[in-house]
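Me: I would like to go through a structure slowly, with one question at a time and the reasoning spelled out. Could we look at it together?

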Amino acid sequence: SITRTFSLGTHSIAVTVTDSKGATATCGTTVTVVDTTPPVIIAGADVHTTTDPGQCNATNVQLPAPQVSDNCQVASLTNDHPSTTYDHGTTVVTWTVTDISGNSATAQQRVNVEDKELPTIECPASILVRTDPGECFASNVNIGVPIVGDNCGVASVTNDYPSTTFLHGTTYVTWTVTDTSGNVAKC
């Protein structure tokens with residue numbers, strides 16, 4: 001029995017046998033070494049960032065590269081999100097490493113983009129109304145609506161005075177706008 005180590009690929013081997021009288025015989029064989037071991041990949045740390053000012057995404061996001069290794073040789077490393085722009089929320093990026101034999105492995109990394117930008121709110125103008133005839137209040141008062149905006153979207157606009165009837169004197173109404181990320185602004 002003869003033991004040899006062969007590298008990846010196909011190898012032609014000639015085997016010669018000699019008997020005690022010196023007669024020889026030779027035959028050939030082929031040894032093919034195939035790599036069936038997938039490469040190893042460990043994704044980089046998850047990325048946490050915030051939206052760009054006035055936008056609902058983050059640009060120029062750099063992902064830490066995953067750690068990869070293989071028993072033979074790595075041929076390629078790719079991911080399914082080659083852009084550096086990520087939308088608000090969580091994006092799962094799948095990395096794929098492939099070795100020179102076509103074996104592959106994957107790992108996932110998350111990019112979390114938070115919206116910390118406050119919504120905008122501009123209150124309607126103050127109004128002056130007269131009391132209803134013979135009453136000490138004004139009814140059916142239309143106080144208007146504020147002008148609101150947000151980089152990712154407005155979830156709600158409310159005020160702290162749900163009635164359309166106002167007593168004689170000055171009443172302050174506080175308007176609140178909440179965006180889809182829970183950020184709040186008031187006027």
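Me: Is C136 buried or exposed?
Reply: This is a predicted model, in which local features need pLDDT of at least 70 and side-chain atom pairs count only at pLDDT 80 or more, while totals for chains, interfaces and linings use all residues. Residues are numbered from 1 along each chain as its sequence is written, and side-chain values use heavy atoms, with hydrogens and water left out. Buried means under 20% relative accessible area, exposed over 50%, and partly exposed in between, with a 1.4 Å probe and protein chains only. C136 has 52% relative accessibility, so this cysteine counts as exposed.

Me: Which parts of the chain does the disulfide of C56 and C152 tie together?
Reply: A disulfide is a pair of cysteine sulfur atoms within 2.5 Å, and those of C56 and C152 are 2.1 Å apart. Strands are DSSP runs of E with at least two residues, numbered from the N terminus. C56 lies in the loop between β4 (47-50) and β5, and C152 in the loop between β13 and β14 (154-159), so the link ties together parts that are 96 residues apart in sequence.

Me: What pattern do the disulfides of the protein chain follow?
Reply: The count comes to two disulfides, and besides the link of C56 and C152 there is one between C123 and C187, with sulfur atoms 1.8 Å apart. When the bonded cysteines are counted along the chain, the pattern is 1-3, 2-4.

Me: Why is the pair of Y161 and F166 described with the word it gets, and what is that word?
Reply: Rings of Phe, Tyr and Trp (its six-membered ring) pair if their centres lie within 6.5 Å, and planes under 30 degrees apart count as stacked, over 60 as edge-to-face and the rest as tilted. The structure holds one aromatic pair. The ring centres of Y161 and F166 are 4.4 Å apart and their planes lie at 20°, so the pair is stacked.

Me: Which element gives the most to the largest nonpolar core?
Reply: A nonpolar core is a set of buried Ala, Val, Leu, Ile, Met, Phe, Trp, Tyr and Cys residues joined through side-chain atoms within 4.5 Å. The largest has 13 residues, and L63 and V111 are among those that touch the most other members. Two or more residues come from each of β9 (89-99) and β10 (104-114), and the element that gives the most, with four residues, is β10.
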